[in-house]
Amino acid sequence: RVREAVVSTQSTGSEGPEGANLFIYHIPAELRDHDLSEMFSTFGSIVSCKIFIDKATNQSKCFGFVSFDNPKSAQLAIQAMNGFKIGSKRLKVQLKKPRDAAKPF
C-alpha cells in the first residue's frame, strides 16, 4: 500500500481528514504562512497552512486555514490557541465548516 506524505507547510490545496481543518480569524497582518505554521506545528503534523492575501493590494486578509493530519491535533490547537493574544489581537480558532454545510439538501 502506497501512502502519500505531504511534507510542505505551504498551501498545497490539500486538507486533513474531517475534524482536522481549522479556520483562524484575527491573524495580525504582518504574519505570513510560515509564521502561522510555526505557531501551530507544536500541536501536530501540519498538512497545509495558508493566510489569505488580497490580490489587489497584496495585503493580508487577516484570516487563514491550518490543516493537521488528525483531529486530535486540531482539538489541541483550538484549546490552546483560541483567544491567544498576539499584539492587540486575539486569535479566533475553530473547526472549518464543510463546504456543503450551508446546503442542507
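Here are some notes on the fold, the strand pairings, the second helix and the aromatic residues of this predicted model.

1. Starting with the overall layout: the protein has two helices and six strands, and along the sequence they come in the pattern β-α-β-β-α-β-β-β. Of the 105 residues, 32% count as buried. If you take the contacts with a separation of 6 or more, 64% of them are between residues 24 or more positions apart.

2. β1 is a good place to begin with the strands. Four of its five residues are buried, so to call β1 mostly covered is fair. β1 pairs with β3 in the antiparallel sense, over five bridges, and here L22 stands opposite V66 of β3. β1 also pairs with β6, again in the antiparallel sense, over four bridges; in that pairing I24 stands opposite V93 of β6.

3. Next, β2 and β3. These two run antiparallel and are joined by six bridges, with K50 standing opposite F65 of β3. They form a hairpin that has six residues between the strands. Have a look at N58 in that turn, as its phi is positive, at about 60°.

4. While you are on β2 (residues 46-53), check S48, which sits in this strand. Is S48 buried or exposed? With a relative accessible area of 7%, it falls under the 20% cut-off, so S48 counts as buried. A polar atom of the S48 side chain lies 2.8 Å from the backbone oxygen of S14.

5. On to helix α2, which covers residues 71-81 and has S73, A74, A77, I78 and M81 as its buried residues. Why do these line one face of the helix? Looking down the axis of α2, they fall within an arc of 140°, so they end up along one face. The general point behind this spacing is that an α-helix has 3.6 residues a turn, so residues three or four places apart point the same way. On the face turned away from the buried side, α2 carries the exposed residues K72 and Q79.

6. What does the buried side of α2 pack against? Its buried residues pack against α1 (33-40) and three strands: β1 (21-25), β3 (60-68) and β6 (92-95). So β1, the strand with four of its five residues buried, is one of the elements that α2 packs against, and β1 is paired with both β3 and β6.

7. The two ends of α2 deserve a glance as well. At the start, a side-chain oxygen of N70 reaches to within 3.0 Å of the backbone nitrogen of K72. K72 is also one of the exposed residues on the face turned away from the buried side. After the helix comes G83, with a positive phi near 90°.

8. Last, the aromatics. How many aromatic pairs does a search of the whole structure find? There are six. Ring pairs link F23, Y25, F52, F63 and F65 into a cluster. Two of these rings also have a lysine over the face: K92 lies over Y25, at 5.1 Å from the ring centre, and K96 lies over F65, at 4.9 Å from the ring centre. F65 thus turns up in several places, as a member of the ring cluster, as the residue opposite K50 in the pairing of β2 and β3, and as the ring under K96.

Notes:
Residues are numbered from 1 along each chain as its sequence is written. This is a predicted model: local features need pLDDT of at least 70, side-chain atom pairs count only at pLDDT 80 or more; totals for chains, interfaces and linings use all residues. Side-chain values use heavy atoms; hydrogens and water are left out. Buried means under 20% relative accessible area, exposed over 50%, partly exposed in between (1.4 Å probe, protein chains only). The arc is that of the directions from the helix axis to the C-beta atoms. Contact means heavy atoms within 4.5 Å. A polar contact is a pair of N or O atoms within 3.5 Å; within protein, one must be able to donate a hydrogen and the other to accept it, and residues adjacent in sequence count only if both atoms are side-chain atoms. Rings of Phe, Tyr and Trp (its six-membered ring) pair if their centres lie within 6.5 Å; planes under 30 degrees apart count as stacked, over 60 as edge-to-face and the rest as tilted. A charge sits over a ring if NZ of Lys or CZ of Arg is within 6 Å of the ring centre and within 35 degrees of the ring normal. Two strands pair if DSSP finds at least two bridges between them.
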